Amino acid sequence: MLTESFSLKISSNHLTCEMATKISNAAMFGLSPENMSSHEHLPLELDSSFLNTSTIIALCVFFALLCACIIIGHLLEEHRWANESITALLLGLCAGGVVLLVRKGASSHLLKFSEDLFFLYLLPPIIFNAGFQVKKKRFFKNFSTILLFGIFGTVISFCIISLGVFWIFRKIGVESLSLKDHLAIGAIMSATDSVCTLQVLSQDETPFLYSIVFGEGVVNDATSIVLFNSVQTLDFHNIDGLTVLKLIGTFLYLLFTSTALGIAVGLLSAFIIKTLYFGRHSTDREFALMILMAYLSYLLAELLNLSGILTVFFCGIVMSHYTWHNVTESSRITTKHAFATMSFIAETFIFLYVGMDALDIDKWRESKASAGTSAAVSSTLFALVLVGRAAFVFPIANILNCVQKSESSKIHFKQQG
């Protein structure tokens with residue numbers, strides 16, 4: 001939608017420039033715009049049909065709800081169980097209910113939420129800011145712990161969910177799925193949502209737990225991608241030891257190449273800004289270059305079928321350590337707050353839409369399963385995700401607690417839950 005509007009705006013500007021050129025040419029030859037119609041048609045009335053009224057209304061509602069989320073979140077700042085994410089979810093539910101009533105049960109949708117909108121516009125600023133703001137010393141100090149949770153934990157969760165889906169779905173009457181489908185569900189459901197988790201954690205109050213949770217989420221993403229892609233491409237009639245080695249090789253390739261690409265782009269941005277010294281003319285160019293190169297790293301990773309999340313995360317770490325120290329003082333303040341603001345707005349938008357999407361009648365109508373079967377499938381998946389999560393969090397955390405000597409490096413039972 002944004003791309004279409006942008007292209008239409010460009011064509012409109014082009015049309016305006018073309019019209020101005022024709023008028024100037026007419027003046028040169030002694031013609032007025034009124035009598036040009038006999039020589040050439042001049043489009044004096046521009047078509048503004050791309051300014052769709054319903055789209056503008058939807059955007060107004062969303063921006064108003066975002067403002068309401070910020071205001072209510074500020075008023076509930078000291079409340080333990082309330083933050084912007086919970087506020088956005090509840091407001092989204094209320095807004096979806098109101099829209100559903102106004103449209104008399106037709107639909108609760110205001111805007112169409114596509115995969116491109118999420119993966120290309122909302123997710124990159126969230127992950128980049130997390131890498132840009134992360135406490136690097138603590139993160140790399142706990143890197144071995146992060147890898148244990150992110151790799152082995154995800155594989156354990158994948159096995160439990162896949163086996164559970166294969167066994168329980170047949171019991172409740174869902175028999176149309178193949179073995180590949182069951183494994184694909186396991187790979188998808190074993191992926192954690194670090195955005196939701198990090199919303200309820202504070203990096204300043206719980207720095208150790210924050211670095212573990214976020215780092216595990218990043219590595220978990222790479223592991224889940226490898227598992228899902230492998231499930232889609234594997235020939236289940238010819239599985240041997242070589243297949244397992246290929247899986248391991250694919251994961252290591254994805255991990256190291258994605259990380260290397262993010263580091264390379266981050267170092268390149270630092271070199272360019274330090275060598276050319278943009279700050280002597282304009283601090284805006286420094287800020288713009290950092291944003292564009294960070295976003296470029298994500299797009300390149302997706303183009304090369306790598307993990308864009310891993311790439312933009314490590315790009316953020318490198319930029320915060322090298323590039324940020326080569327810009328002017330005003331640019332340091334600007335970048336730090338601008339990246340945090342973009343991430344905050346993207347996160348709030350996601351939670352707001354999730355709340356509205358819960359009342360999407362169209363998706364409920366498209367399902368051919370009965371209400372009982374839908375409830376059973378949802379309950380089964382929810383239970384398996386919890387079991388799969390607990391099956392690796394508690395054992396790995398307790399094993400690490402036995403190994404760790406420092407009390408500050410131990411994951412206590414309350415934090416494990």
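Here are some exercises with worked solutions on the predicted model shown above.

**Exercise 1. Get an overview of the chain: which elements does it have, and how much of it is buried?**

Start with the elements: the chain holds 16 helices and zero strands. Next, look at burial. Of the 417 residues, 38% are buried. Then turn to the outside, where the accessible surface is about 24,100 Å², with 67% of that belonging to carbon and sulfur atoms. Finally, check the contacts with a separation of 6 or more: 78% of them are between residues 24 or more positions apart.

**Exercise 2. Work out whether the end-to-end distance of helix H4 agrees with its number of residues, and find where H4 bends.**

Helix H4 covers residues 115-133, which is 19 residues. At 1.5 Å a residue, the span should be 27 Å, because the expected span counts one less than the number of residues. The end C-alpha atoms turn out to be 26 Å apart, so the two values agree.

Now for the bend. H4 bends by about 45° at leucine 123, and proline 124 follows within four residues. Both Leu123 and Pro124 are buried, and other buried residues of H4 include Ile126, Ile127 and Phe128.

**Exercise 3. Place valine 312 and list what it touches.**

Valine 312 sits in helix H12. Its relative accessible area is 1%, and buried means under 20%, so valine 312 is buried. Leave out residues up to four places away in sequence, and valine 312 touches Pro124, Ile127, Phe128, Ala294, Ser297 and Tyr298. Pro124, Ile127 and Phe128 are already familiar as buried residues of H4. Compare sequence with space, too: valine 312 and isoleucine 126 are 186 residues apart in sequence, and their C-alpha atoms are 9.7 Å apart.

**Exercise 4. Find the salt bridges and say where each partner lies.**

The count comes to two salt bridges. Take glutamate 216 and arginine 389 to begin with: their side chains meet at 3.2 Å, N to O. This pair links distant parts of the chain, with glutamate 216 in helix H9 (residues 207-233), arginine 389 in helix H15 (residues 371-403), and their positions 173 residues apart. Glutamate 216 has a relative accessible area of 4%, so it is buried. Arginine 389, at 31%, is partly exposed.

Now take glutamate 329 and arginine 332, whose closest N and O atoms are 3.5 Å apart. Both lie in helix H13 (residues 329-357), three residues apart, or about one turn of the helix. Glutamate 329 counts as exposed because its relative accessibility is 53%. Arginine 332 comes in at 21%, so it is partly exposed.

**Exercise 5. Which residues make up the nonpolar surface patch of about 590 Å²?**

The patch is made by Leu242, Val244, Leu245, Ile248, Leu252 and Phe256. Pick out isoleucine 248, which is placed in helix H10 (residues 241-276). Its relative accessible area of 45% falls between the 20% and 50% cut-offs, so isoleucine 248 is partly exposed.

**Exercise 6. Is asparagine 305 buried or exposed, and where does it lie?**

Look in the loop between helix H11 (283-303) and helix H12 (308-323), which is where asparagine 305 lies. Its phi is near 60°, a positive value in a residue other than glycine. Asparagine 305 has a relative accessibility of 67%, so it counts as exposed.

Definitions and conventions:
Residues numbered from 1 in each chain as written. Predicted model: local features only at pLDDT ≥ 70, side-chain atom pairs only at ≥ 80, totals over all residues. Heavy atoms only, no water. Helix = DSSP H or I, 4+ residues; strand = E, 2+ residues; numbered from the N terminus. Buried < 20%, exposed > 50% of the residue type's maximum accessible area, 1.4 Å probe, protein only. Contact = heavy atoms within 4.5 Å. Areas by Shrake-Rupley, 256 points an atom, 1.4 Å probe, with all protein chains shown as cover. Bend = angle between axes of the 7 residues up to and from the residue. Patch = residues over 30% accessible without salt bridge, like charges linked within 9 Å, V, L, I, M, F, W, Y side chains within 5 Å. Salt bridge = Lys/Arg side-chain N within 4 Å of Asp/Glu carboxyl O.
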